[in-house]
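This report describes a predicted model. It covers the sheet, then a helix that packs on it, then a patch on the surface.

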Amino acid sequence: MIRDMINEDVPKVMELITEMHEHGVLSKWNINPERADYILHKLLSYKEKGENVFLQVLELDEKVVGFFGGEVITNEWVDCNMAVDLGFYITPEYRKGTYGVRMIKNFEKWSASVAKCDLIRVAVFAGVANDRTASLLDRIGFSRAGTLHNKELQSCA
């Protein structure tokens, strides 16, 4: 079942963030669990206050196995409200089926009807199933709008 995230989900979502990090492009740097925990709680508090924050979890077999987080931002240069993803991850054994599509579609529906956004931007960046995620987004009507490039300058502390 896909449902709204609640405070009690934070520890499991933290485990998912850690799992995502271990397999992602930033895995050589240490995750900051205190900051991530703080951000999740802050986002939940914003959502509870009616701010434009989207937080859902995928719960199967009585455990949280996925999450999708997003928020509304205003573009830096034009008058355009954009719904952007903050994180999207499903554990590998639950990636079959339509759960990912349904979570993205829920974000899309929220972006249009609740947040009243002009545009949705989903970044395929984590390094976890990037090609598969990009292909999925292509199939459900998203268009590619460029690429992200990294160049390591120094090791993060």
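## The sheet

Five strands make up an open sheet with mixed pairing, in the order β1-β2-β3-β4-β5. The edges are taken by β1 (2–4) and β5 (119–121); each has a single partner strand, so one side of each is left without a neighbour in the sheet. From one strand to the next, the twist averages 25°.

## Strand pairs

At one edge, β1 pairs with β2 (residues 53–60) in the antiparallel sense, over three bridges. Asp4 has Gln56 in β2 as its bridge partner.

Nine bridges join β3 (residues 63–74) to β4, again in the antiparallel sense. These two strands form a hairpin, with six residues between them. Gly66 stands opposite Ile90 of β4. The pairing of β4 with β5 is parallel and has three bridges; here Ala83 has Ile120 in β5 as its bridge partner.

## Cover on the sheet

Helix α2 packs on the sheet and touches β1, β2 and β4 (81–90). The direction of α2 makes about 110° with that of β2. As for β4, the strand is mostly covered, with seven of its 10 residues buried.

## A patch on the surface

Val25, Leu26, Phe125 and Leu148 form a nonpolar patch on the surface. Together they have about 340 Å² of accessible area.

Within this group, Val25 lies in the loop between α1 (10–22) and α2 (33–48). Val25 counts as partly exposed because its relative accessibility is 38%, and partly exposed residues are those between the limits of 20% and 50%.

Key:
Residues are numbered from 1 along each chain as its sequence is written. This is a predicted model: local features need pLDDT of at least 70, side-chain atom pairs count only at pLDDT 80 or more; totals for chains, interfaces and linings use all residues. Side-chain values use heavy atoms; hydrogens and water are left out. Patches are made of residues with over 30% relative accessible area and no salt bridge: like charges are joined within 9 Å, nonpolar side chains (Val, Leu, Ile, Met, Phe, Trp, Tyr) within 5 Å. Accessible areas come from the Shrake-Rupley method with a 1.4 Å probe; for residues, only the protein chains shown count as cover. A salt bridge is a side-chain nitrogen of Lys or Arg within 4 Å of a carboxyl oxygen of Asp or Glu. Helices (H or I, at least four residues) and strands (E, at least two) are DSSP runs, numbered from the N terminus. Buried means under 20% relative accessible area, exposed over 50%, partly exposed in between (1.4 Å probe, protein chains only). Two strands pair if DSSP finds at least two bridges between them. Axes are lines fitted to C-alpha atoms, for helices over the stretch in contact, and angles run from 0 to 180 degrees between N-to-C directions. Contact means heavy atoms within 4.5 Å.
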